[in-house]
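Biologist: I am new to this structure. Can you walk me through the ligand and its surroundings?

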Amino acid sequence: MPTATAVVNLDLEGPRISRHLYGHFAEHLGRCVYGGFWVGEDSPIPNAGGIRLDVVEALRALDIPNLRWPGGCFADEYHWKDGIGPREQRPRMVNTHWGDVEENNHFGTHEFMVLCELLGAEPYISGNVGSGTVREMSEWVEYLTRDGDSPMARLRRANGREEPWRVRFWGIGNETWGCGGNMRAEYSADLARQYATYCRDHGDNTLYRIASGARDDDYKWTETLMQQISCFGCEATPRTFFQGVSVHYYTLGGPWEAKGSATGFGTEDYYRTMVSARRIDRILTGHSTVMDVYDPGRKVGLVLDEWGTWWDVEPGTHPGFLFQQNTLRDALVASTHFDIFHKHAARLAMANIAQTVNVLQAMLLTDGDALVTTPTYHVFEMNKGHQDATSLTVHLRAPGARRRVGDAELETLSASASVKDGTVLFSLTNLDAEESAEITLDLRGGGIGEPVARLLTADRLQAHNTPQAPCQVAPRPFDALKAVDGGLVLTLPPHSFVTVRAPLASR
Ligand code: AHR
């Protein structure tokens, strides 16, 4: 059994972990919005004005900080004025990206804002740059956020909402290098400046504009954007043109054409997936390094607004709907990502897993009136104490915890820690498929009181939850830990995720 030591200085506080690293994403794609969040007022499924209440209740338990909408690729063919006013009179469109199905626009701006209110989450709206206009996005900002008398504020009131909403986060396009317009970086950067100019701060609603950024390790794209951040026309309120730059990275277990099954995979596939998941560390480092050159004061945030696993769709489901099951493997991809996110907390301002319900690495799967929480959901729940906490660096010494995977070497232990309100939270992942690992938490600069630990694992990597067997992968109390002088010793089972919470105490 590999042994490892994790040294944590409890009195050396690192950067704050923004709660927005635990953000979410809901696109008009497959059954994410329709059937996932939205069932309509006439549905026998309990709902509030059309929004599924079981989904809201499950997500509230995660303290989800923000929700990105309406896309994704869909955002760049969405025209927001089609989604306001009486539902039956809303124009229809074809969702050409996702399944070529008709979109009735019943879930639009007001429905989204009500959903965010029910969830207690901040809205993050992705605007249409690919097929929209500057005026269209500018008016959407005005419609949502302007108080007083103005054309768009009047239109909002005519549609039943008196007060403006607060909407800070605005995406200026999505994947402009691909589905969002197939642009060159230079052209996209110019458009980001132009759109950012006309997305106005109305009253005290100060916008956080997020320029559509790179895919994977395209650092050149980030550099091109960062060269354009200085806003010379903003002397009155000095700021950068955009406050965030996005990047997208998906974890695959193989090549794009052969992503493989979400549940039918072997141990080698599993390890390959984990190598792919851990690549996010290098990618975030690469983009942050480029950003440091142009923005050493770290005013501009890196926004990973799409991440997660991408498998073949479940057999028998629509290929354009991206519906996949979610196993213990997905949960460990998520727990590893969070450790890496915490490490990058100084630059990483937001991260949004794709996608919340019924699409890709979802929190929740619905089937008619049934609702299932996925293994990934449980990682978000077990880790929620890191939101807005102060990060603590974990110095991990684990020479024996490695696996050779093709040309790569996979570190099989991952950890992070934070402190908030006098409570320390440790997250520990053992990626090894067969072996347990003994890890000593060597705590310095303070002590801890009685720890409470939880474990997420299952007998098989492929274990997952279904309406018939909803708790195959669910957290349970963990007691394979003992207090030693100056810390804790834990034995992590193979393929497991453990959290430990404890009050800070003086030694
Ligand atoms: O999340 C699914 C799709 O992946 C999004 O629409 C797009 O932005 C990305 O390519």
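**The ligand and its shell**

Biologist: Which residues come nearest to the ligand?
Modeller: Bear in mind that this is a predicted model. The ligand has 13 residues around it. Those that come nearest are Glu-27, Cys-73, Glu-175, Tyr-250 and Glu-306.

Biologist: How do the residues of the shell divide into nonpolar, polar and charged?
Modeller: Each residue of the shell falls into one of three groups. The shell around the ligand has seven nonpolar, three polar and three charged residues.

Biologist: What is the distance from an oxygen atom of the ligand to the side chain of Gln-355?
Modeller: Take two other contacts before that one. A polar backbone atom of Cys-73 is 2.8 Å from a ligand oxygen. An N or O atom in the side chain of Glu-175 is also 2.8 Å from an oxygen of the ligand. For an N or O atom in the side chain of Gln-355, the distance is 3.0 Å.

Biologist: How much of the ligand's accessible area does the protein cover?
Modeller: On its own, the ligand has 290 Å² of accessible area. The share covered by the protein is 94%.

Biologist: In which pocket does the ligand sit?
Modeller: Pockets can be ranked by size. The one that holds the ligand is the second largest pocket.

**A residue in a loop**

Biologist: Is Glu-77 buried or exposed?
Modeller: Glu-77 lies in the loop between strand E5 (66-69) and strand E6 (93-95). Its relative accessibility is 16%. The cut-off for buried is under 20%, so Glu-77 counts as buried.

Biologist: What separates the C-alpha atoms of Glu-77 and His-248?
Modeller: Along the chain, Glu-77 and His-248 are 171 residues apart. In space, their C-alpha atoms are separated by 19 Å.

Note on methods
Residues numbered from 1 in each chain as written. Predicted model: local features only at pLDDT ≥ 70, side-chain atom pairs only at ≥ 80, totals over all residues. Heavy atoms only, no water. Near = heavy atom within 4 Å. Polar contact = N/O pair within 3.5 Å; in protein donor to acceptor, adjacent residues only side chain to side chain. Areas by Shrake-Rupley, 256 points an atom, 1.4 Å probe, with all protein chains shown as cover. 1 Å grid on protein atoms, 1.4 Å probe; cavity = no way out; pocket = protein on both sides within 12 Å on 5 of 7 lines; lining within 4 Å. Sits in = over half its atoms within 2 Å of the grid points. Nonpolar A, V, L, I, M, F, W, Y, C, P; charged D, E, K, R; others polar. Helix = DSSP H or I, 4+ residues; strand = E, 2+ residues; numbered from the N terminus. Buried < 20%, exposed > 50% of the residue type's maximum accessible area, 1.4 Å probe, protein only.
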